[in-house]
Structures are given as structure tokens and as C-alpha cells.
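Work through the exercises below with the sequence and the model in view. Each task is followed by a solution that goes step by step.

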Amino acid sequence: STNNTQSNNNNNDNSKTSFTSNKTTTTNQGDASLHSTTNQTVKKTKHNNDDGDDDKTRKLKRKWIKKLREIERIEGCMANGMELQKDQKMKLETKTTVLKELKELETTLLAGSSDNVGEREKPNNQQQQQQEQDASMVVVEKDNETTTIMKLKLAKEYLDLVDLYPTTIRTIVFHTRRILKHLLDEYQLMEECVACTDVYAVRDIIKRIERYRVDPNQFQFDAAKARADKVALEARKREEGKRKAFEARMMRKAKRQGHELEYYLRMGADVPTVAFLQTLQTIKDPVEQLDTWKRHNHAQHCLSYHLQQQAQGAGGGSSSSNTCPRGRSCAFLHVPPRGENSFVEEDEVAG
């Protein structure tokens, strides 16, 4: 009986020891698992923090790049002969600081990428692509800035030539908006340019563009004006399309009758002379004026335009305002009369 009791006690002790050993093993395994999970969490948190720091650094870099572009824009305006304001001069003085900050940020990004080679290979590739994109963006901006300055300079040189060799306001507006199209669209000045009545108004448009470029805060985008300009543009296209529709009808008619396609387009296409217009002004009867106009093969030209030009002393192709009451929507030709120092733009006459 005593032996049985001792055997039972030994079995109980062994069972307790086994239970305690299993519990200890389970506890150790749980600690190891927790430690592994914690290490992974810390590692992941560190990884995410590094990504966040890189993102912040890149954002800060883009801000400094934007400041550098603005400084370069001011330098371009100064090189173009414009007088700078006080705040613009202060911005120019910060160029050294901006370049220094950009260099430090670039060093930080490169150092961050070199510390994690192998562990963050894929993020590093993305970072390198972002750096290359930022660098290419700076180059493109510099090229665009240079192109813009050249176009503004070209437009002003063209107006200087207009002062020496006067031409019609229609021609002036045509070439000005061709040269400065993207700037006129950007600053919502296209419709104002088209509506200019003399060369001085066109010069004022160019001066406004230069002011907006020097100080972008002076320009405020007007959504209502953008909608109104869109409606006006569509209406003008419809009106100006009348001339093209007339030419298409005349060409179809000539083709049906077996003539050359320009047969009817050349009828009434002769450009009037200054001397003929002076003679026409002596005729007081409007009906007789129109009949004389057609008999001299000028029917495709706008009679009102030429008579009003002569009345204002603008014969021979000056840069005075467009005096036709129909304006740009007139389907007739607005070509300067022939004079001693005038020429004919053949592409505007007879198709």
C-alpha cells in the first residue's frame, strides 16, 4: 500500500512537471512569435517612414523647382528690357539660396536611396524615375521660357515693321495671334486681340502679357469670360465660314458648266486702285456707285470697306481700323487698294 501511494505521488509529480514543461515551451514559443511579429512591424514601420520622408523631400524639391522657374522667368523679362518691381528684385536675390536648397535635397534623396540598396530596390527605381522626371521637367520649362521670350520679341519687332510699312489691321491681328497664340489663350486675351482696331491696341495686349508673366498674381482666370469667348468664337467661325461656302458654291457651279474651278472666283476679283476709289467717291448716287464698282470687275471686294477707308484718308493700305460695318464676318474681300507702295496678298484674293 505504501509503495502504491509513493508510485501514485511520483506519477502526479511527473504529470505536473510535464504540464509545467509544456506550459513553459508554449510560453517561449509565444514570446518568440511576438518578438518576430514586433520586429516585422518595426521593420515595416521604418520602411513606411522612409517612404514618407522621401515623399516629403520630393514634394519640397518640387516647390523649390517652382521657385527657380519663377526666378528664371523674371530674369528673362529683365533680359527683355522690362523694368522690375521691388518684390521681383528680392526674388532674384534668393536664387543662390534656392539652388543651394535644391542641391541639398538632391543629396538627401541620393543618400536615402543608397542606404537601402537591395532591401528597397523597387522603390529606388521609382525614386530614380521621379528624379529623372523632375530634371527633364526643369529642362522643358527652360526651353518653353526661352521660346516664349523669343515669341514676344518677334511680335514687338513685327509691330515695329508695321510702323515703318503700314498695313491693314486685319493683317496685323492675323500675324500677331499666330505668333502669340498660346499666350493669348492662356491669359484669355484672344478675343480682345481679334477685336483690336489699331496697332496701338495690339501693343497694349503684348504689354499686358508681359505684366502677367512678370507677376502671375495680376492675372485672374474668368470662367464667365471663358464661356462667353467660346460662344463668340463659334459665332465668328460661322460668319467667317460664309466666304468659304461662297467659294465652294462657285467652284461647284464652274465644274458643272465645264469651266475651270476658279472661273467664277476670278470674276470681280480685280483689286481696285487708289485713283479709281477717288473717282468713285465723286459719284453721289449709291446705286450708280455699286453699278460702276461691278462693271470694273471689283464685285468680290467690299465697297463699304474701301469707301470708308478713303473717307478717313486711309487709302493705300494703312493700319487704320476696319471700317466695314460687318467687321470680320463680312463675306467680301478686304484687300488694300493698289497704290504706289502697296502690294496684293495673292492668297487672300480669288481663293
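**Exercise 1: the surroundings of Leu180**

Task: Leaving aside neighbours within four places in sequence, find which residues Leu180 is in contact with.

Solution: Taking contact as heavy atoms within 4.5 Å, and leaving aside the neighbours within four places in sequence, one finds Lys151, Leu152, Ala155, Ile206 and Ile209 in contact with Leu180. This is a predicted model, in which local features need pLDDT of at least 70 and side-chain atom pairs count only at pLDDT 80 or more, while totals for chains, interfaces and linings use all residues. Residues are numbered from 1 along each chain as its sequence is written, and side-chain values use heavy atoms, with hydrogens and water left out.

**Exercise 2: the cores**

Task: Place Leu180 in the largest nonpolar core, and state which helices each supply at least two residues of this core.

Solution: A nonpolar core is a set of buried (under 20% relative accessible area, 1.4 Å probe, protein chains only) Ala, Val, Leu, Ile, Met, Phe, Trp, Tyr and Cys residues joined through side-chain atoms within 4.5 Å. The largest one has 25 residues, and Leu180 is among those with the most contacts inside it, as are Leu159 and Ile209. At least two residues each come from H4 (121-164), H5 (169-179), H6 (181-186), H7 (190-194) and H8 (199-214), with H8 giving the largest share, six residues. A second, separate core has ten residues, including Trp64 and Leu102.

**Exercise 3: the whole chain**

Task: State how many helices and strands the protein has.

Solution: Counting helices as DSSP runs of H or I with at least four residues, and strands as E runs of at least two, one obtains twelve helices and zero strands. Of the 351 residues, 32% count as buried.

Key:
Buried means under 20% relative accessible area, exposed over 50%, partly exposed in between (1.4 Å probe, protein chains only).
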